[in-house]
Amino acid sequence: MPSASSSPGGHQLVVVANRLPVDSRTLPDGATEWVTSPGGLVTAMESVMRTVDSGAWVGWGGSPGDAPDPFEADGMSLYPVQLDQQDIERYYEGFSNGTLWPLYHDVIVGPEFHRGWWDTYQSANRRFAKTAAQVAAVGGTIWVHDYQLQLVPQMIRETRSDVRIGFFNHIPFPAVELFSQLPKRNSVLRGLLGADLIGFQRESDSLNFVAAVRRLLGYQVEGKTIFVPGLGAAPVREVQVQTFPISIDSTAVSALTEDPEIRERAAQLRRDLGDPEKVVLGVDRLDYTKGIRHRLKAFGELLDDGLIDPHGTVMIQVATPSRERVEAYRQLRDEVELIVGRINGEHAPIGRPAVSYQHHSFDRRDMTALFMAADVVLVTALRDGMNLVAKEYVASRPDLHGVLVLSEFAGAADELRAAVLVNPHDIDELKAAILRSLAMPPEEQEEAMRSLRHQVMEHDVQHWAHQFLESLTASGAPEDEATRVVRLSGDAPSDPAQLEETLREFTAVPRLLIASDFDGVLAPIVSDRDAVQPDQQALAALRELSELPGVAVALISGRALADLDSLTAMPSSVVLVGSHGAEVGALPPWMQAEVLDKSVLSMTPQKEQLLAGITSTLRRIARAHPGTEVETKPTAAVLHTRNAKGRGAINATESALEYATTLPDVTVTPGKEVVEFAVVHTSKGVAIDALSRASAADAWLYLGDDVTDESVFARLGGDDVGVKVGGGDTAAHLRIPDTEAARDLLRRLLELRGEQS
Ligand code: ADQ
């Protein structure tokens, strides 16, 4: 529920982005005028927001100083956020565009970092988060956009755990080796993980993010689900990571091409250029990620080589002014203008350019006319989240003419496979692609364009937004969270009277499941795991409990089933579950075997092979770090670092977690001096659910000491009892100090239940 300090507003859907979809301009009489602002995100979202009831948009209006009052535009409520001159310099130009932008675009230029930038990034993010938290309805949805606002999801969650929070990153997410350079990287990851759903443009971005979380935060990951440990003893929260390639309002763009006035503009454009045979077009924000220099270099060399005749072919380069106060952008502008000047000086025929350079913005209609006039469009980004220009060109060509040259480093390359795909860093390849495109026969153009159009017309921006919001609704169940939260931190054991009272109530329930972890609960942890000494009295108590009517008993361990069996010598009335739930022993006849079996995912030949590869890599790591060893289980391989010398344990763990980043389908669980790689996705929590269903228990009690036991405690229901053995944050109800106390507890359970039967 929202805290008292932020009484909720009334908007069901709140979009939070750096910029509002409008720009403020101050008129000579001092009044404010609002005009639609350009940019990829605005283009994408404006068509979606109009279709939502009670939508709001939180963002900056584009001018420094006091924020104007909220106002209505295009059927939604706009809430301007204030940014003063220093915020713009440090949060926007600094940390967002001087640090994050170059780093996330594979360090095409060197990122700069200043501690003051980070401080302002935090305070500006807090302002966006506060406004969003104030205006969202109870149980509403907040959709946060882009790299400028990565801390906002967590900041919203701090006061509004009732809302669903989605985050979409419009730009790439870098490989973990690059991301690791970012100072404050873990704070950024934690900020993002405040969301229920995190969306990226490409599958590679999603995988990079999951890998960063796994490696830098060490959180448990299953596929693209991240298990975020709760603060204090809050339960583990699941965060979904998914890929949603953004698109454009394809129908609207395509429809513009029917407009006679726009057709005439396209024809006029060609006439103005002297009716060349071929028009080559580039449209970009003037940004170093877009590969404008590479493109001009290739075109210039083709002119130098005499392979392109400037009388027959003209290039138009539209470069919208962008971030002109950031040094790298000023430099880029100078360089581009120098190159264009040189090309025109050497090659332009009298009275018209070889490269027509337009350093200004065009409206949508002019843009469509440009696309309609272009025979070849060059999208040569060195790195780009998606690149909407590529899709806009395709949508503007219902006539099926024209060729798209597309960089494989733009997200769009994953979908637009029929484009002429290029590596723009390879100037020779780029030159060849330009020549091939200029010479492409009409039938070949048609065939490619038909395929490209199928992709772009079917997957438009409405579809994108719909998919994201649908996935967001399906992920997380924030309203249940409050009831699941149990807070127990530090290491003080629970009050004995409270413990006794809880056990009394529990044993009075008709059908019980009593389950326990093994190491650390029934046997003290020892350095040689084969020399473990189970507490025989504790085991005896469990055996006796399993003989009582209405009591089911289970041991759930990370150890392999066979190992667990030989160490405990339990009778058949006790269910043994090994390998964190992946292996289940023989079931007593009264258990519904069918229910239990279904929950156990089985091995396949592919998984066997994967596991063999993992085992050999872990063995290599173990050989390099004396004292560490690898345990093999039927569905997992485990690196044990307990006996490593010096920094060996840390180094071996780091190597293992680094290796884990290459294995998206493997569940990697770091525990106490162990890292487990499981090829079957299960957990002790999944096992307790299945056991409790199969034994038809009215309530269960579980004893555990390790982080892997938290997946059980996270599932505690009304009458269930969670007992944590030892210190540390936990979602369990009760804490006891050690294995001796665990033995006493089991014996007390036996007494109490025995009295009743
Ligand atoms: P951008 O880097 O801004 O967006 P892009 O996807 O190409 O890049 O979108 C640019 C938009 O601005 C297009 O709609 C384009 O038509 C328009 N535009 C460009 N120059 C213009 C001009 N001179 N006049 C008018 N309009 C112009 C970021 C990411 C991208 C991602 C988008 C959306 O960097 O990778 O595709 O967000 O998620």
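These are my notebook entries on one chain, its domains, its cores and its ligand, taken from a predicted model.

**Entry 1. The whole chain**

I began with the overall numbers. The chain has 757 residues, and 56% of them are buried. I looked up the secondary structure next and found 26 helices and 29 strands. Along its principal axes, the C-alpha trace spans about 105 × 60 × 45 Å. The chain exposes about 29,900 Å², of which carbon and sulfur atoms supply 50%. I also checked how far apart in sequence the contacting residues are. Among contacts with a separation of 6 or more, 69% are between residues 24 or more positions apart.

**Entry 2. Domains**

I noted the bounds given by the domain assignment: domain 1 is 4–244, domain 2 is 250–460, domain 3 is 496–601 + 682–756, and domain 4 is 605–678. Domain 3 is thus listed in two pieces, 496–601 and 682–756. I then looked at domain 1 and domain 4 as a pair. Their centres, taken over C-alpha atoms, are separated by 36 Å. How many residues of each are in contact with the other? I found 9 residues on the domain 1 side and 11 on the domain 4 side.

**Entry 3. The cores**

I looked up the largest nonpolar core, which has 92 residues. F128, L193, F209 and I226 have the most contacts inside it. Domain 1 and domain 2 each give this core at least three residues. Apart from it lies another core, of 55 residues, with V15, A17, Y393 and W464 among them.

I listed the contacts of F128, leaving aside neighbours within four places in sequence. F128 is in contact with V16, A17, N18, V58, G59, W60, V81, L83, Y91, L149 and V152.

**Entry 4. L193**

I picked L193 for a separate look. L193 sits in the loop between helix 6 (185–192) and strand 9 (197–200). Is L193 buried or exposed? Its relative accessibility is 1%, so L193 counts as buried, the cut-off being under 20%. Beyond four places in sequence, L193 touches I198, F209, V213, L217, Y219, I226, V228, R237 and V239. I also took one distance: the C-alpha atoms of L193 and T225 are separated by 11 Å, with their positions 32 residues apart along the chain.

**Entry 5. T257**

I turned to a second loop residue. T257 is found between helix 8 (250–256) and helix 9 (260–272). T257 counts as buried because its relative accessibility is 2%. With neighbours within four places in sequence left aside, T257 is in contact with R263, T368, M372, S396 and P398.

**Entry 6. The ligand**

I ended with the ligand, which has 24 residues around it. Which of them come nearest? They are H170, T320, F362, D384 and E392. I then checked which helices and strands supply at least two residues of the shell. Those include helix 1 (40–49), helix 12 (364–373) and helix 13 (388–395). Strand 13 (278–285) and strand 14 (313–320) do so as well.

I wrote down three polar distances to oxygen atoms of the ligand:

- For D384, a side-chain N or O atom is 2.5 Å from a ligand oxygen.
- For Q201, a polar side-chain atom lies 3.1 Å from a ligand oxygen.
- For R364, a side-chain N or O atom is 3.2 Å from a ligand oxygen.

Last, I looked up how much of the ligand is covered. Taken alone the ligand exposes 710 Å², and the protein buries 95% of that.

Methods:
Residues are numbered from 1 along each chain as its sequence is written. This is a predicted model: local features need pLDDT of at least 70, side-chain atom pairs count only at pLDDT 80 or more; totals for chains, interfaces and linings use all residues. Side-chain values use heavy atoms; hydrogens and water are left out. A nonpolar core is a set of buried Ala, Val, Leu, Ile, Met, Phe, Trp, Tyr and Cys residues joined through side-chain atoms within 4.5 Å. Buried means under 20% relative accessible area, exposed over 50%, partly exposed in between (1.4 Å probe, protein chains only). Domain bounds come from an automatic or database domain assignment. Contact means heavy atoms within 4.5 Å. A residue is near a molecule or strand if one of its heavy atoms lies within 4 Å of it. A polar contact is a pair of N or O atoms within 3.5 Å; within protein, one must be able to donate a hydrogen and the other to accept it, and residues adjacent in sequence count only if both atoms are side-chain atoms. Accessible areas come from the Shrake-Rupley method with a 1.4 Å probe; for residues, only the protein chains shown count as cover. Helices (H or I, at least four residues) and strands (E, at least two) are DSSP runs, numbered from the N terminus.
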